[in-house]
Amino acid sequence: MKLIKDHETDEDFWSLKDRDRRDSAHCIFQYPAMMVPLVQRRLLASILEAKPSIRSMYDPFVGSGTSLVSGMHFGLDVYGNDVNPLAVLISRVRTARCTEFTIGAIVGQVAREAASDRRESIECELMNREKWFQASVSVELSRLRRAIRRQSNLWVRRFLWVTLAETVRLTSNDRTSTYKLHARAAEDIAKRILSPISMFLEIGAVNAESFLEFRAELRRRSRVKSGKYVGVTEVNSGDTREISDKFGDKSFDLIMTSPPYGDNLTTVTYGQHSYLPLHWIDFQDIDSAADRETLRTTHEIDRRSLGGILHDNSWAEERLLASSVTLRDFADNLPCSPADGRKRLLRFYGDFAASLVSIANAAKANAYMVWTVGNRNIGGKQVPTDIVLQELLEEQGCLVLKILTRTIHHKRMPDRNASSATMREERILLVRKIDQ
Ligand SMILES: C[S@@+](CC[C@H](N)C(=O)[O-])C[C@H]1O[C@@H](n2cnc3c(N)ncnc32)[C@H](O)[C@@H]1O
């Protein structure tokens, strides 16, 4: 059977001009570069039709968990990991097997408790707190934090932490127009009249509604029985270059993911975007392995991501360039500016290649893979990520079956970042690991 039918090779089929922001609880936090749930479901439907025996799926760069919730629509066992603790938290909320259907009422109760708390003490250890939060905002966020801590159910607290994270994003002094931390001008800050408690209530109501709609859809598809999702769901904190100790000797039928476009500092600063919200969240509620040291500096999460600090498993330049002629040609022809362009490019791909070894090991023989990638720019030249990925995957015993193109209509991209400014489409690689 054909993996992708003829009408599905049409670019418009994947581009989706209209989309539902509440689909599968997509909007509970504005995570950068999220995939579109309906696109992932269409891909899954095609693959599962061709190969109905697929039972498990793994996303090695799970982000907000879009691929995993898409897999849940089909009743799959879903697994993922990410280096960013905020991504782990959001994904754990969205993929929980058991949830609490009164969550909407609980949001209201927490907001009421916070509103009746008269304490002025501030529950946040953040250097330069006054730079990032107005004093009255810190007081209200602290009242919410105390009220959330009083909830006894862990999933409920996680859901409330995500709602608080989105509240922090919108009430801090950080500009929302960029993912990099960048404080608003003093006159702008002085004009803003903010009530985090009211905002929490509003965001929480929308989050609860979209989440309950997602669970209702899973029930309609018979994916929830006696209140529990039928498959396994597991999301861990962890670096994909070192995942072998995370999922034990498990291996997966399908890999579905969208990796970072390049090193975080010059593409999407997932870490900086998560830095302020994470300061208001109890780390022990995220995951026992979530490391508070990731908040050591504003850059720490991005440094730990692909292309950040030198990593033991990273591939050396020689090995990397021997594995991808396209990358070698591109690196050899890079313009001199930016001066560190080549170094950054090769450090990112050295890390990416190392993560592909782990990913290929985690895939069963004959497993399918679906990779959504963006071709970013360096020095005004577009990096052919799709072809480089193809060559690196071939090195790992994988075969690219098809490459689809989709136009990006809605994804929040790093528009203001010159290195990525022209990224308006992405490629979807359909891959198969060859039986060896
Ligand atoms: C493009 S985003 C994934 C977005 C996701 N598909 C969604 O819909 O939300 C890439 C993710 O890779 C994560 N990441 C970067 N380096 C990583 C590494 N070495 N191991 C695991 N995750 C990593 C980033 O934190 C980010 O969440």
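Let me start at the ligand, where one of its oxygen atoms lies 2.7 Å from an N or O atom in the side chain of D82; please keep in mind throughout that this is a predicted model. Two further polar approaches come from the backbone rather than from a side chain: a nitrogen atom of the ligand is 3.0 Å from a polar backbone atom of T240, and a nitrogen atom of the ligand is also found 3.2 Å from a polar backbone atom of L306. Taken alone, the ligand would expose 600 Å², and the protein buries 100% of that. In total 24 residues surround the ligand, and D82 belongs to the closest of them, together with Y31, M35, S64 and T66.

Y31 brings me to the aromatic residues, of which the structure holds 13 pairs. In one of these pairs Y31 is stacked with Y270, at 5.6 Å centre to centre and with 25 degrees between the planes. The two partners come from distant parts of the chain, 239 residues apart, since Y31 sits in the loop between α1 and α2 while Y270 belongs to helix α11, residues 270–278. Are these two tyrosines buried or exposed? Y31 counts as buried because its relative accessibility is 4%, and Y270 is likewise buried, with a relative accessible area of 12%.

A second pair, formed by F348 and Y349, is edge-to-face, with 5.1 Å from centre to centre and 80 degrees between the planes. Both F348 and Y349 are buried, and they are part of one aromatic cluster that also takes in F61, F352 and W371.

Next, the backbone, where I would point to two residues other than glycine that have a positive phi. For A25 the value is near 55 degrees, and A25 lies in the loop between α1 (11–15) and α2 (37–50), the loop that also carries Y31. With a relative accessible area of 0%, A25 is buried. For N366, phi is near 70 degrees, and here the residue is found in a strand, β7, which covers residues 363–374. N366 counts as partly exposed because its relative accessibility is 24%, and the range for that class starts where buried ends, at 20%.

Moving on to R296, we are in the loop between α12 (283–286) and α13 (300–304). At 43% relative accessibility R296 counts as partly exposed, and its side chain is joined to that of E300 by a polar contact of 2.8 Å. How far apart are R296 and S251 in sequence and in space? They are separated by 45 residues along the sequence and, measuring from C-alpha to C-alpha in the model, by 34 Å in space.

Finally, I turn to the surface, where L399, L401 and I434 form a nonpolar patch whose accessible area comes to about 240 Å² together. L399 has its place in strand β10, residues 398–407. Why does L399 count as partly exposed? The reason is its relative accessibility of 42%, which lies under the 50% above which a residue would count as exposed, yet over the 30% that membership of a patch requires.

To close, let me return to Y31, which is one of the closest residues to the ligand and also the stacked partner of Y270.

Technical notes: Residues numbered from 1 in each chain as written. Heavy atoms only, no water. Patch = residues over 30% accessible without salt bridge, like charges linked within 9 Å, V, L, I, M, F, W, Y side chains within 5 Å. Areas by Shrake-Rupley, 256 points an atom, 1.4 Å probe, with all protein chains shown as cover. Salt bridge = Lys/Arg side-chain N within 4 Å of Asp/Glu carboxyl O. Helix = DSSP H or I, 4+ residues; strand = E, 2+ residues; numbered from the N terminus. Buried < 20%, exposed > 50% of the residue type's maximum accessible area, 1.4 Å probe, protein only. Near = heavy atom within 4 Å. Polar contact = N/O pair within 3.5 Å; in protein donor to acceptor, adjacent residues only side chain to side chain. Phe/Tyr/Trp six-rings, centres within 6.5 Å; stacked < 30°, edge-to-face > 60°.
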